[in-house]
Amino acid sequence: MTIPLPTLRIATLNCLNLALPGRPVYPGWPPYGADEYLAKTQWLAQLLDRLAADFVLLQEVFHAQALSDVLRQTVSQGRQWSFAVPHAGQDNRKPRLGLAWRAPWQPAIDSIVELPPGAAVPVPECGEHRSFARPLLRARVPLVRPCGATTLTLVNVHLKSRRPEFAPGEDEADPRRLARAQLRALLMRAAEAAALRQLVLDELLGATGPLIVAGDFNDEAGAVTTQMIADTSCEADDDVPRAAVLFNALEVEQRRAPGRGREVAYTFLNRGEPERIDHVLVSGQFVPGVHGAIGRVGAVQIFNDHLSERRRPGADQDGIDLARILSDHAAVCVSIVLDTTPS
């Protein structure tokens, strides 16, 4: 269904281990009890209401039923929401990517598991890295405007984490093996970034319409992996390369309204230090001054107040540890203002 709306709100959020109660996730992370699960799903529901987004790209959803329980606790009691979480059945034990969207949108959704042909990379002592650690979620959304219809493609990503990737039998207490394990994690994340770049090129050069790539990149905006995906190497006057560039929505907004620095525009606290590793990258169709633009990035909101709260010593609510309930990532919400000028 095509929806004639002038503004879209696109959000991304890493939920931090959204799983059903009593179900194991990671080693060292005990399953949620009933009270914890209720507190977590209620908190996420309240955050979704605050985001007021049309589309929410979600990471670390272990069970689709858990996301359903979140949506049923929103103000609309789930009536305004639909969702999809490929690969997140009742017995799943891996973090998956999901998408929640408001009625009456009807996106077409698919999942990308394997790296494109030729993109596999050998990882020392572990063989070739051939698949995304968390399969990508892609949604195609028909848009209609007075100046013509098009299809917006959303790609939800959660690249390989910085968590060391130990080979079977390695001594995890050995600092030499730790360095080797960190190398493997970096290689895997870089391989996924390069593979994602191939998919971005297929989308942008295939004339399928505007593209937004968002999610948990596990690297900052200036990191090689993030720049690889966006291809920030082209010059401003290179018209041809710019057709295949992605732009960081926050940086696009800051050109128009500068002044928000690292001290507030962060999405993650790494040992107390602020980092921005959750990004929304947009194609040139949403950047003023780029040929073929059909809209622009409006406001970019970062919901990160809870990051300090969950780290406060002894932080709890009715005996429940807030570090397990509140996400360890901020939510990022971008308003896209579409051009409604008739052609």
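This report walks through a predicted model, from one of its sheets and the helices packed on that sheet to some backbone details, salt bridges and a buried arginine.

## The six-stranded sheet

Let us start with an open sheet of six strands, whose order is 3-4-2-1-18-15 and whose pairing is mixed. At its edges lie strand 3 (81-84) and strand 15 (295-303), each of which pairs on one side only. If you compare the directions of neighbouring strands in this sheet, ignoring which way they run, the turn between them is 20° on average.

At one end of that order, strand 3 pairs with strand 4 (residues 96-102) in the antiparallel sense, and four bridges hold the pairing. A handy place to look is Ser82, which stands opposite Trp101 in strand 4.

## Two helices on the sheet

Helix 1 (residues 34-51) packs on this sheet, where it touches strand 1 (7-18), strand 2 (55-61), strand 4, strand 15 and strand 18 (331-338). The direction of helix 1 makes about 165° with that of strand 1.

Helix 2 (residues 64-71) lies across strand 1, strand 2, strand 3 and strand 4. Relative to strand 3, helix 2 runs at about 165°. How much of helix 2 is covered? Seven of its eight residues are buried, so the helix counts as mostly covered, with buried meaning under 20% relative accessible area. The buried set is Ala64, Ala66, Leu67, Ser68, Asp69, Val70 and Leu71. These buried residues pack against helix 1 as well as strand 1, strand 2, strand 3 and strand 4.

## Backbone details in the loops

Three loop residues are worth a stop on your tour. Beyond helix 2, in the loop that leads to strand 3, you will find Gln77. Its phi is near 55°, a positive value in a residue other than glycine. The loop between strand 4 and strand 5 (108-114) holds Pro104, and the peptide bond from Ala103 to Pro104 is cis, with omega near 5°.

Arg271 sits in the loop between strand 12 (268-270) and strand 13. Arg271 also has a positive phi, about 55°, although it is not a glycine. Is the Arg271 residue buried or exposed? Its relative accessibility is 81%, so Arg271 counts as exposed.

## Salt bridges

The model has 14 salt bridges by the rule used here. One of them takes us back to helix 2: Asp69 forms a salt bridge with Arg72, and their closest N and O atoms are 2.4 Å apart. Asp69 is buried, at a relative accessible area of 11%, while Arg72 is partly exposed at 49%.

Another salt bridge joins the side chains of Arg162 and Glu275, at 3.1 Å from N to O. This pair links distant parts of the chain, 113 residues apart: Arg162 lies in the loop between strand 9 (148-158) and helix 3 (175-205), and Glu275 belongs to strand 13. Here Arg162 is partly exposed, with a relative accessible area of 30%, whereas Glu275 is buried at 11%.

Arg177 and Glu170 make a further salt bridge, with 2.7 Å between the closest N and O atoms. Of these partners, Arg177 is partly exposed with a relative accessible area of 28%, and Glu170 counts as buried at 16% relative accessibility. Both belong to one network, in which salt bridges that share partners join Glu125, Glu170, Arg177, Arg180 and Arg184.

## A buried arginine without a salt bridge

Our last stop is Arg276, in the loop between strand 13 (273-275) and strand 14 (278-283). Arg276 is buried yet has no salt bridge. Why does the pair with Glu251 not qualify as a salt bridge? Glu251 is the nearest side chain of opposite charge, but it is 4.1 Å away, and a salt bridge needs the side-chain nitrogen within 4 Å of a carboxyl oxygen, so the pair does not count.

What the side chain of Arg276 does make is a polar contact with the side chain of Asn248, at 3.4 Å. Leaving aside its neighbours within four places in sequence, Arg276 is in contact with residues including Asp219, Glu220, Ala221, Leu250, Ala265, Tyr266 and Thr267. Asn248 and Glu251 are also among those contacts.

Notes:
Residues numbered from 1 in each chain as written. Predicted model: local features only at pLDDT ≥ 70, side-chain atom pairs only at ≥ 80, totals over all residues. Heavy atoms only, no water. Buried < 20%, exposed > 50% of the residue type's maximum accessible area, 1.4 Å probe, protein only. Lys, Arg positive; Asp, Glu negative; His and termini not counted. Polar contact = N/O pair within 3.5 Å; in protein donor to acceptor, adjacent residues only side chain to side chain. Contact = heavy atoms within 4.5 Å. Pairing = 2+ DSSP bridges. Axes fitted to C-alpha atoms, helices over the stretch in contact; angles between N-to-C directions.
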